[in-house]
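Here are some notes for a colleague who is meeting this structure for the first time. They take up the surface and then the interior.

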Amino acid sequence: MIHFEGYPTRDPIFLYWRDGLEVVQELFGNPIFSPHMEYDPYIIMDRSEREYGEWMSGNEAHRIQDQLPEGATIVPIILASDKAPVTRMTGNLEMHPLFITIANIHSSIHMKATSHAWVCIGYIPTPEFLTHSDFHLVLEAHLWHRCLDIICSGLKVAASIGTFMADPNNCSRYTVTPLAAYTADLPEQQMIACVAKNASPVTTAELDQFSNGVRYPPCEGTMTLQILYNLCASSLDPWCLQEFLAAAKAAHLNGVQLPFWCDWWFSDPSIFLIGEILHALIKSFFDHAFKWCKELLGADKMDTRYRTQHKRIGVCHCHDRDT
């Protein structure tokens, strides 16, 4: 049970969780994944062009490996979460289920539900705080980061000093566990990066700069931590939310002073935060590109072009919308 002294909740706050490091050890040593595992960074060249595929083929894998002792193995952590209803018509309880897998397993395998390569390691609560509504979001963000800190504490220790794990062939390997990727929607990414709603979670761009076509530099975690340090060093108490939240918003932050990733080695939100298909591709297309096309061609012309397309063989076509 978690307490926030001075900020009561309607109900007690309970966190249901498993140790992230223990789950990773189970995944890394599972013999089922033996034919589908990678342990070392590599480069794939097609003539003069470089190909990218699995995480081990990327630049980040080489950057981390170059800083490790000889013989060390990277076990890249992939997390995913999204707020979801847990109960219906019995309190309408909502939580953030947290899932974990490792990038050593080929993506074609761990993306299959039947492979069971993703494991739920926690249900992060979303309690109702009995405070002014202006403070609800920042308190929920504080709680979310505190819960991640508890769940991933073992992984963070393993990332800094390393730990020994048995691989699927029962060979002991000295491993480190950086956070390689975190899949979440945009509001949750902003909460993870500790930035305000009018700022990008991965770049230094602000709301009025999103559409100007300029590529802004990444918003590195060290930059965010330095701003938070300066705020706290200016005699502002982070738990005096009214004053601290106002100063944080002026710096385009959300008011959380202890991000869960602040002491996780080789982990930077500008790198591990990635867009997911629904919001980054599908909704982006229909919210922007599709609207532009309708403005250029006209809604009737666009509709006519879709209607004149040949039906694709092998795909069910429903003539009646009700069916």
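1. On the surface of this predicted model, a nonpolar patch is formed by Ile277, Leu278, Leu281, Ile282, Phe285, Phe286 and Tyr306, which together have about 710 Å² of accessible area. When you look for this patch, helix H10, which covers residues 277-297, is a useful place to begin, since the largest share of the patch, six residues, comes from that helix.

2. Within the patch, Phe285 may serve as an example, and this phenylalanine is found in helix H10. Its relative accessibility is 36%, and it therefore counts as partly exposed, a class that lies between buried, under 20%, and exposed, over 50%.

3. Turning to the interior, the structure holds one cavity of 30 Å³ or more, and about 40 Å³ of space lies in the largest cavity. The residues that line the largest cavity are Trp55, Glu60, Arg63, Ile64, Leu179, Ala180, Phe266, Ser267, Asp268 and Ile271.

4. As for where this lining comes from, the elements that give two or more residues to the largest cavity are helix H2, residues 59-65, and strand E11, residues 179-183. Helix H2 provides the largest share of the lining, with three residues.

5. The lining of the largest cavity is mixed in its chemical classes, with six nonpolar residues, one polar residue and three charged residues. Among the lining residues that you may wish to find in the view are Trp55, Phe266 and Asp268.

Key: Residues numbered from 1 in each chain as written. Predicted model: local features only at pLDDT ≥ 70, side-chain atom pairs only at ≥ 80, totals over all residues. Heavy atoms only, no water. Patch = residues over 30% accessible without salt bridge, like charges linked within 9 Å, V, L, I, M, F, W, Y side chains within 5 Å. Areas by Shrake-Rupley, 256 points an atom, 1.4 Å probe, with all protein chains shown as cover. Salt bridge = Lys/Arg side-chain N within 4 Å of Asp/Glu carboxyl O. Helix = DSSP H or I, 4+ residues; strand = E, 2+ residues; numbered from the N terminus. Buried < 20%, exposed > 50% of the residue type's maximum accessible area, 1.4 Å probe, protein only. 1 Å grid on protein atoms, 1.4 Å probe; cavity = no way out; pocket = protein on both sides within 12 Å on 5 of 7 lines; lining within 4 Å. Points joined across faces, edges and corners; volume = space filled by probe spheres on them. Nonpolar A, V, L, I, M, F, W, Y, C, P; charged D, E, K, R; others polar.
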